Every structure is written in structure tokens, then in C-alpha cells.
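Got your viewer open and a selection box ready? Here is a walk through one structure, stop by stop.

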Amino acid sequence: MGIQIISISHKIAPLHVREMFAFTKEQQESIMKKMVEHLEVTECVMLSTCNRTEMYVYADSESKSRVFQIMEDVLMEAAGAGEEEDIGSYVLFFYGKKAIRHLFEVASGLDSMVIGEDQILGQVKTAHGQARAIGTTGVYLNTFFRMAVTGAKKVKTDTELSRTSVSTATLAIKVAEEQLGSLKDKKVMLIGATGKIGGIVLMNLMSLNGPEVYVTTRSNKVISTKHGKADYVTIEYEDRYDYIDSMDVVISATSSPHYTLTCSRIRQSLKTDKPRVFVDLAVPMDIESKIISLGDITYYNIDDFTRIAKENNEKKQEEAKVATGILDEYELQFEQWMVFQKSLPVMAAARDNFMKVAEHKGVEKAFDHLFYWVRENNTPEDLAIFFRCLNH
């Protein structure tokens, strides 16, 4: 019995593999429901971001391998992965203490491509909330996710990891500035501003001095930012190609299952020759990568941020050590809770037996009986630990 995780993430899986597992909300819910239909699995939560797809389960089965096989089969079937595709080498499995450590590090941003990034905590909370809403999670994963979120908040409060946070959203602007020198007086088109990542990109653009921002929208949908201002031009999504030629930077961050910008349509739209930067923050990809063949274009997708992320991560290693120390305490608390929770039936039986003996022979004899039972059913090492605990 215990918590098991299957993970496909930026750690070892390339973008084209992660794209296969970029499930919609409806697909995620279908997968979770399918998982808990198996007798071995009682609870399931799915976490899906641009850099990872992970399934967390609590299983009553003593066979870890059996549960992992079920998880992998369900995931591969949902992704439409055939036996001829070598996906297995990109899959990570976690069980027990390693599974506990994994979620705590994920929630706090320690397992992210960019250490300390802010979005992941909200994504973990959303994933847990989604599972609760459809009834695929219970006491074990509810407590697991709550304590992981609490630990992550403590890390956020007590370390500098998130105070100097660099996320994929901020990296998108940084690489554009590196290529063009500055975004002052540059025209920037943002596709997908109503999404989580796109919304952060928009807020960051609004905080800069100089860029002329164009935001696509469908059916005049209202787009707002925390800044409370609308210093950008709104254009219809269907008209996006009409503006491409005048743009210096194009950033796309949608959840669309197909391209928002294709190479052939961009080729038709470009009339002037100038340096341009295209940044694709989506999984699956929004922008067809073949655009790099179209003149003076610099193209980035989610995997191209590795270099900048590495520089950022190196600066944060000391803070990461502090964060790990904080998480150690919360992980220990959860492990203690797990042992206690699983032992409730044993404690109930021991309590009933104690009360029966006490009723007939008195409390003193009941304690003698309990200690005798402990002595006869434990190793000397376990007995030493038991009595050391009683002495505290």
C-alpha cells in the first residue's frame, strides 16, 4: 500500500514526447476516472503543465509493479502511443519516500526547469482541486497534496527562491530583449493572453517601458491584467496574419491542439526584411518550427530555455538547500501521518483489547498485558525504539 507516481517531464523527455501527453482537462478527468476503476487503485490525481505530465495514485495493492503497469498502460492508451514507439525510456516512476519527496519538490518549484518558478504551485493546487471535484481523490492524496502545498508556501515565504523568480513567461521576454537589444518602440504580438502563462507574459510586458503590445482575442473577449490598465491594442485572432509583417516579436502561449501560426501563412504575410523573434511557450507547439527558414527570424520553443534556466538555477542553489531543509520537516510530518493513518485499525483493536482486560482485571494488569504483547511480537531493536519513544 502506498503512493506511486508516473512522470513524463522535461527532466528526460524531449518536447515531441511531452506533446503526446499534453492532455486536455476532459482527457485528464477521463484518465483519473479510468484509474480508480481498477481494484488496485483507490485515489488518483493528474498534474499536467507545459513541462510535465504526472499521475499520482494511492494504491491498496502490495504489488508496486502491477500498479505501475496499470498507470503506464492507461497513460499510453490515452496518448495513443503504439508499441513501436520507444516511450518507456522517457518515463520515471516514484514510490514511497521518493514519491513523497517528488511532489514536495514539484510544488515548491525545486523540480522545475527554472528553479523557484511561481506558476507550478498554482498548477498543483488546480490539479488537486480537479481530482476532488470529480471524486477521484480521498484522505491519502488530499492530505498529501495539502501538506505539499503548505510546505511550498513556507519555502516561498522563508527563502529567496520565488522573490527573484524567473519563469518561462519571463524568459520569453528576456530572450526577445537579448536578440533585439531592447523592446523599446518594438511591436510585440501576444497570442493566448487569457491563459495562465499568456496572462503573466502580458503583465510583464505591461511593466516594461516602451513596447507596443498587440493582443489577439476571440469574439471581443475582455482581457485584463492585475495592473488594471489596457495599454495594448486588441486585434481579432482571425486577423493575426495581417499584423505579422509589422511585428518585431511574436509570443504564443495557447492550449490549442493545432498551430496558431504556420510557416506557409507567415511566409505569405512577410513583406519587409528585419530581425524578428518568435517565441512558442505552448505544449503542443503553437508555432511551426520551420519558420526559422524564413529570413532573419530567431525562434524559441519551450526546450530552448534550458541555457537561461541553467544560469538562473546556478544562482539559486544555496536557496534551494535552505528550501530542501524546510521540506524535510513537512515530508517527515506526512510520513508520520501516513504510518498513523494506516495503523488506525491496529490501534482500534489494541484499544478494544486493553479495555476488555482493564474491565476484568484492572488498568494495571491491562498495561502489563499490553507491554508483554509488545515484548513478544517485536525484535530487540524495535523494542528499544518503542521504549525510547515512551521515555520522551
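Let's begin with the second largest pocket, in what is, keep in mind, a predicted model. Its space comes to about 750 Å³. To find the spot, select Ser343, Val346, Met347, Ala350 and Phe386, the residues of the lining that lie nearest the pocket's centre. In total, 19 residues line this second largest pocket.

Now colour by secondary structure. Four helices each supply at least two residues of this lining: α12 (317-342), α13 (344-361), α14 (363-376) and α15 (380-390). Which of them gives the most to the lining? That's α13, with seven residues. Switch to colouring by residue class and you'll find 16 nonpolar and three polar residues around this second largest pocket, with no charged ones.

**Next stop: a nonpolar patch**

Keep α14 and α15 on screen. Select Val363, Phe367, Phe371, Phe387 and Leu390, and show the surface: together they make a nonpolar patch of about 440 Å². α14 and α15 are the elements that give two or more residues to this patch, and α14 gives the most, with three. Click on Phe371, which sits in helix α14. Is Phe371 buried or exposed, or partly exposed? Partly exposed is the answer, because its relative accessibility is 31%.

**Zoom out**

Bring the whole chain back into view. You should count 15 helices and 10 strands. Along the principal axes, the C-alpha atoms fill a box of roughly 95 × 45 × 35 Å. The chain has 392 residues, and 48% of them count as buried.

**The largest pocket**

Select Gly195, Lys196, Thr254, Ser255 and Ser256 and centre the view on them. These residues lie nearest the centre of the largest pocket, whose lining has 39 residues. The space here is about 1200 Å³.

Which elements should you highlight around the largest pocket? Try α2 (25-36), β2 (41-48), α5 (119-134), α8 (196-207) and β6 (212-217), as each supplies at least two lining residues. With four residues, α5 gives the most to this lining. Colour by class once more: the lining of the largest pocket has 17 nonpolar, 17 polar and five charged residues.

**An enclosed space**

How many cavities of 30 Å³ or more does the structure hold? One. A quick reminder of how such spaces turn up: rolling a probe the size of a water molecule over the atoms shows where empty space is left. The volume of this cavity is about 160 Å³.

To get there, select Cys50, Asn51, Glu117, Gln123 and Thr168, which lie nearest the centre of the cavity among its 14 lining residues. Helix α5 turns up here too, giving the largest share of the cavity's lining with three residues. By class, that lining divides into five nonpolar, seven polar and two charged residues.

**Two buried side chains**

Go to Phe145 in helix α6 (residues 139-158). At 1% relative accessibility, Phe145 counts as buried, since the cut-off for that is under 20%. Add Ala107 to the selection and run a distance between the C-alpha atoms: Phe145 and Ala107 are 8.8 Å apart in space, with their positions 38 residues apart in sequence.

Then pick Met189, in strand β5. Met189 is buried too, with a relative accessible area of 0%. Try the C-alpha to C-alpha distance from Met189 to Tyr214. How far apart are they in space and in sequence? The pair is 4.6 Å apart in space and 25 residues apart in sequence.

**Backbone details to finish**

Two loops are worth a click. Select the loop between α7 (168-180) and β5 (187-191), where you'll find Asp185. Check its backbone angles: Asp185 has a positive phi of about 65°, although it is not a glycine. Asp185 counts as exposed because its relative accessible area is 61%, where over 50% is what exposed requires.

Last, move to the loop between β9 (276-280) and β10 (297-300) and select Pro284. Show Val283 as well. The peptide bond joining Val283 and Pro284 is cis, with omega at about 5°.

Conventions
Residues numbered from 1 in each chain as written. Predicted model: local features only at pLDDT ≥ 70, side-chain atom pairs only at ≥ 80, totals over all residues. Heavy atoms only, no water. 1 Å grid on protein atoms, 1.4 Å probe; cavity = no way out; pocket = protein on both sides within 12 Å on 5 of 7 lines; lining within 4 Å. Points joined across faces, edges and corners; volume = space filled by probe spheres on them. Nonpolar A, V, L, I, M, F, W, Y, C, P; charged D, E, K, R; others polar. Patch = residues over 30% accessible without salt bridge, like charges linked within 9 Å, V, L, I, M, F, W, Y side chains within 5 Å. Areas by Shrake-Rupley, 256 points an atom, 1.4 Å probe, with all protein chains shown as cover. Salt bridge = Lys/Arg side-chain N within 4 Å of Asp/Glu carboxyl O. Buried < 20%, exposed > 50% of the residue type's maximum accessible area, 1.4 Å probe, protein only.
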